[in-house]
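Visitor: Please choose one part of this structure and take me through it closely. I am new to this, so explain each term when it comes up.

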Amino acid sequence: MKYYSLNNPQRIASFKEAAIQGIAEDKGLFFPIEIPKLEKAFFDNIQHLSKEEIAYQVISPFVGNDIEEQELRQIVRETLAFEFPVVPIDKDVYTLELFHGPTLAFKDVGAGFMSRCLRSFVKGKKDKVTILVATSGDTGGAVAHGFYDVEGIEVVVLYPKGKVSSIQEKQLTTLGKNIKAIEVEGSFDDCQAMVKKAFLDEGLKDCHLTSANSINIARWLPQMFYYFLMYRELQHLNKPLVVSVPSGNFGNICAGMLAQKMGLPINHFIAATNANDTIPRFFSSKAYTPKQTIETISNAMDVSDPSNFVRILELFAKNAKELSNNLSAYSFTDKATLELIEEQYEKSGYLLDPHASVGYLGIKEYAKEHKDFTGVFLGTAHPVKFPECIEELLDIEIPVPDRLKDIMKGEKKSTIIQNYEELKGILLK
Ligand SMILES: *Cc1c(COP(=O)(O)O)cnc(C)c1O
């Protein structure tokens, strides 16, 4: 498979080149030149396929010859070495729990796959690669975990000071070794802007920077895997599938929509956002006008200028009608998010994290005007990662899973910066 830059269709790259480079020189995101279609037999037979086999079949056309088959199968196996349960929540409503990985976030899948691909690409090379990543909370932990102690790779994580949860901060700042944490006085969008600027800075050429945000194809594409796994569980219901994705940077939902283009029978997507409602407003006004980022309790979605939305537009060849048939977008307040967490807990004992709650609100909103579908919302993070708001609301204590206990004991190490020049100084050191 080859990829082109969304800013210049003449700029073509291989999987390997696009994964190492992250973003094209012209700031364009890489996008596959064609979308492979899976055969009907694949779906007819999906019940009999292991999750590793499904994932391999899905990803192999995108990787091509850049990683040989046995190694790619191994990468997929290691990436998916945890559970992806589909849990019934209410009549015709399910959640796909994506938080059983090493850092309890769905980003473990993308980060795990990407880190193993890069590991394979830099093996035996002289030059170090530096992964520069901006995080609104979960990316940083997943990426840091994925690349921890990998020879030839340095990781620099930028996060907005005081705007990630305490567990998320621990996951970023306590590892040490090749992982460097930087606190930015600003918002996630400020962090993301600095990262984009660094990639285009000629003065940093020798640092071999690459990104591990969902702008990187090696992080974006594997997010398709669990949409297929979810379908395998729910196929027997024989009802139209509507999937609601709590969205911030729109990488996760965009991967689902790519899976749909490959033939996965999903009828409709819902982009559920918090008060950062650039895309819901885009759908109602047709104008793309990001505002200042607003802080919410679903902080991993505090993004007002979502990088991956251009990929969604590209998927639908800028056909607004087809896009709106496939995608609805709604925004929800923190108040509604908390009320649903409380209601669901009292009703069934099931604990939604604030992001999943926004996703569930998306299904409920859609159900006001549509009947007879199976609704699935993605559970993108474990509730224990957001104890501050949940424990107070419900007057409960969420038990900390064992694998997080060690991290909580670790000592925080970070550097605080105010502007791009300070970041550049750190990278050049
Ligand atoms: C990153 C994240 C999101 C948003 O995913 P995008 O791909 O950026 O839209 C949602 N929920 C959680 C918990 C996250 O960490």
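Guide: What follows begins with the ligand, goes on to the hollow spaces and ends with a few single residues. This is a predicted model, in which local features need pLDDT of at least 70 and side-chain atom pairs count only at pLDDT 80 or more, while totals for chains, interfaces and linings use all residues. Residues are numbered from 1 along each chain as its sequence is written, and side-chain values use heavy atoms, with hydrogens and water left out.

Let us start at the ligand, which is surrounded by 15 residues, with K107, D138, G248, N249 and T380 as the closest; a residue is near a molecule if one of its heavy atoms lies within 4 Å of it. Some polar contacts can be picked out here, a polar contact being a pair of N or O atoms within 3.5 Å (within protein, one must be able to donate a hydrogen and the other to accept it, and residues adjacent in sequence count only if both atoms are side-chain atoms). A polar backbone atom of N249 lies 2.8 Å from an oxygen atom of the ligand, and a backbone N or O atom of F250 is likewise 2.8 Å from a ligand oxygen. With T380 the partner is an N or O atom in the side chain, found 2.8 Å from a nitrogen atom of the ligand.

Some of these names return when we turn to the hollow spaces. On a 1 Å grid over the protein atoms alone, a cavity is a set of points where a 1.4 Å probe fits but cannot get out, whereas a pocket is an open set with protein on both sides within 12 Å along at least five of seven lines; lining residues have an atom within 4 Å of a point. Grid points are joined across faces, edges and corners, and a volume is the space filled by probe spheres set on the points. The whole structure holds five cavities of 30 Å³ or more, and the largest has a volume of about 250 Å³. Its lining is made of 25 residues, and F106, K107, G248, N249 and A300 lie nearest the centre. Two elements, α6 (138–147) and α11 (251–261), give two or more residues to this lining; helices (H or I, at least four residues) and strands (E, at least two) are DSSP runs, numbered from the N terminus. Sorted by class, the lining has nine nonpolar, 13 polar and three charged residues, where Ala, Val, Leu, Ile, Met, Phe, Trp, Tyr, Cys and Pro count as nonpolar, Asp, Glu, Lys and Arg as charged, and the others, Gly among them, as polar.

The second largest cavity has a volume of about 40 Å³, and G248 and F250 are among the residues that line it. Helix α12 (residues 278–285) gives the most to this lining, with three residues, and the classes come to six nonpolar, five polar and one charged.

Now consider the open spaces. The largest pocket contains about 600 Å³ of space, and of its 20 lining residues the closest to the centre are I20, Q21, K205, H208 and L209. By class, this lining has 11 nonpolar, two polar and seven charged residues. The second largest pocket has a volume of about 420 Å³, and N7, K27, L29, S307 and V310 are the closest to its centre among 20 lining residues. The largest share of that lining, four residues, comes from α13.

Finally, two residues in loops deserve a careful look. A381 sits in the loop between β13 (374–379) and α17 (387–394) and counts as buried because its relative accessibility is 1%, buried meaning under 20% relative accessible area, with exposed over 50% and partly exposed in between (1.4 Å probe, protein chains only). Leaving aside neighbours within four places in sequence, A381 is in contact (heavy atoms within 4.5 Å) with F99, L104, D138, D353 and F386, and D138 is one of the residues closest to the ligand. A381 and A105 are 276 residues apart in sequence, but their C-alpha atoms are 4.6 Å apart in space. S214 lies in the loop between β9 (209–211) and α9 (217–220) and is buried, since its relative accessible area is 5%. The side chains of S214 and N308 are joined by a polar contact of 2.9 Å, and, again without neighbours within four places, the contacts of S214 include N249 and R311.
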